[in-house]
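Welcome to this tour! Open your viewer, find the selection tool, and we will go from stop to stop together.

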Amino acid sequence: MGTIARIEVKDGNPVAALRELCARLLADGEVSAVLVPRRLPGSNGTMPALIADPAELRDADPLAPSFRINGARMLARLTRGGSDGGLVAAFLRPCEVRAFVELCKLNQGSMENALIISADCPGAFSNADYPAFVGNGDVTGAEMDFLCAEGRGNFNGVEIARACAVCDHPVSTEADLSIGLFGQDTTQGLLLLANTPRGEGFMTRLQLPEAADDGSRSRVLAELVAERTAERDRMFEKTAAATSDMAGLSTFLSACVNCYNCRMACPVCYCKECVFLTDVFDHKPWQYISWARQRGSLKMPTDTVFFHITRLAHMSTACVGCGQCSNACPNDVPVMELFRTIAASTQRAFEYEAGRNVNESPPLSVFREREFAEVTGGLE
């Protein structure tokens, strides 16, 4: 769209400025509620909240480096099948936006019923590390230091989540409105950019002062993407080497206990009934004993590797690399590393990128006559 406006920041507090933006959106007759991260008590980070009363925005914090859950599935639930009550204005991270785009392609949500707003994302801390990041409890001070670092550095002995450190999409172009943080003095002002006609319309109604693009945001973004892409490629190489055969894959996933937390946390794993929650894998006692006798011993629980292979077969074309699978794992299994590595190969093979374009059909939903000719032998 090309339109850029400026969000004025008062008293050096960009979070307060975005709370005011939320309040102004709620005052718009087209918006019925705002889905936005809200601080939990103490140093427990944030969780998404659906807010309809501006008075409840007092703890809203769209910039907190806390990522306890991917909000795409919640927004899909709020928009699926139409919304008679007006638009939901949703503050989402770039990976959440891409997950929501994938869900909309799968008829699980509707872009038409949402106003999507996404800030430049320097990353977030894992659920386990966030309290250490806050340190002495000064959430606001810690957050401002983090924003100034623009996704780099160590904070009270912890670094951003591994998924964020290898994220090559820290900005969303699929959102209706983007909030520019990179290259800005966030204590003075933020950029607001319109990416869609809907975003353009809301920007006009907000009547914010115009801003010029001095190129600083693009420069910082390019540097950050280059750093994270290099780290991503190192992760791909290491993970591919570690899982190059079944023995390596089994070792890689050896700490899995079949809790299925990764499946529950994945925003694009949407099946109402999972095969692993049916009686297909409810083996009889004599079967376990028989397998143990055949092999001499049997690792318990069983089917852990098969579970992840099945999910990879289902989800690798839709994985957006948000890292919630690893964030939810109680045993620190590097699920994200495996899924991102396999997803990169799968999506490259199909010339597809999850969440890139809502009008781009998922690979397995379309037929291409000459696809994978090197495997099929081609057609004359």
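**Stop 1: a pair of opposite charges**

Start by selecting Glu56 and Arg58: a salt bridge joins them, and their closest N and O atoms are 3.7 Å apart. Before going further, keep in mind that what you see is a predicted model. Why can such a pair form? Side chains of opposite charge can pair when their charged atoms come close.

Now switch on the surface. Is Arg58 buried or exposed? Arg58 counts as exposed because its relative accessibility is 51%, and the cut-off for that word is over 50%. Glu56, with a relative accessible area of 32%, is partly exposed.

**Stop 2: a network of salt bridges**

In the whole structure, the count comes to 16 salt bridges. For a group of them, select Asp168, Arg232, Asp233 and Arg340, which are linked in a network.

Look at Arg232 and Asp168 to begin with. Their side chains meet in a salt bridge with an N to O distance of 2.5 Å. This pair connects distant parts of the chain: Arg232 sits in helix α8 (residues 216-242), while Asp168 is in the loop between α6 (162-165) and β6 (177-180), and 64 residues separate the two. Arg232 and Asp168 are both buried, so hide the surface if you cannot find them.

Next, add Arg340 to your view. The side chain of Arg340 also meets that of Asp168 in a salt bridge, at 3.7 Å from N to O. Which parts of the chain does this pair tie together? Arg340 lies in helix α14 (residues 335-349) and Asp168 in the loop between α6 and β6, so the link joins parts that are 172 residues apart in sequence. Here, too, both partners are buried: Arg340 as well as Asp168.

**Stop 3: the empty spaces inside**

Rolling a probe the size of a water molecule over the atoms shows where empty space is left. How many cavities of 30 Å³ or more does a search of the whole structure find? The search finds five, and the largest has a volume of about 330 Å³.

To find the largest cavity, select Pro37, Pro62, Ala64, Arg93 and Glu96, which lie nearest its centre among the 30 residues that line it. Then colour the strands β2 (31-39), β3 (46-51) and β5 (114-119) and the helix α5 (139-149): each of these supplies at least two residues of the lining. What classes of residue make up the lining of the largest cavity? There are 20 nonpolar residues, five polar and five charged.

**Stop 4: a nonpolar patch on the surface**

Bring the surface back and select Met246, Phe306 and Ile309. Together they form a nonpolar patch there, with about 280 Å² of accessible area. Zoom in on Phe306, which is part of helix α12 (residues 304-315). Its relative accessible area is 44%, which makes Phe306 partly exposed.

**Stop 5: some backbone angles to look for**

Most residues other than glycine have a negative phi, and most peptide bonds are trans. The next selections are exceptions to look for.

Select Met300 and Pro301: the peptide bond between them is cis, with omega at about -5 degrees. Pro301 is in the loop between α11 and α12.

Move on to Asp332, in the loop between α13 (324-328) and α14. Its phi is positive, near 55 degrees, in a residue other than glycine. Asp332 is exposed, with a relative accessible area of 67%.

Then pick Glu351, in the loop between α14 and α15 (373-376). Glu351 is not a glycine either, and its phi is positive at about 55 degrees. With a relative accessible area of 62%, Glu351 is exposed.

**Stop 6: try the distance tool**

Select Cys259, in the loop between α9 (246-252) and α10 (261-265). Cys259 is partly exposed, at 36% relative accessible area. Draw a line from its C-alpha atom to that of Asn331: the two residues are 72 apart in sequence and 10.0 Å apart in space.

For your last selection, take Glu273, in the loop between α10 and α11 (285-295). Glu273 is exposed, with a relative accessible area of 63%. How far is its C-alpha atom from that of Ala17? The separation is 42 Å, and along the chain the two residues are 256 apart.

Key. Residues numbered from 1 in each chain as written. Predicted model: local features only at pLDDT ≥ 70, side-chain atom pairs only at ≥ 80, totals over all residues. Heavy atoms only, no water. 1 Å grid on protein atoms, 1.4 Å probe; cavity = no way out; pocket = protein on both sides within 12 Å on 5 of 7 lines; lining within 4 Å. Points joined across faces, edges and corners; volume = space filled by probe spheres on them. Helix = DSSP H or I, 4+ residues; strand = E, 2+ residues; numbered from the N terminus. Nonpolar A, V, L, I, M, F, W, Y, C, P; charged D, E, K, R; others polar. Patch = residues over 30% accessible without salt bridge, like charges linked within 9 Å, V, L, I, M, F, W, Y side chains within 5 Å. Areas by Shrake-Rupley, 256 points an atom, 1.4 Å probe, with all protein chains shown as cover. Salt bridge = Lys/Arg side-chain N within 4 Å of Asp/Glu carboxyl O. Buried < 20%, exposed > 50% of the residue type's maximum accessible area, 1.4 Å probe, protein only.
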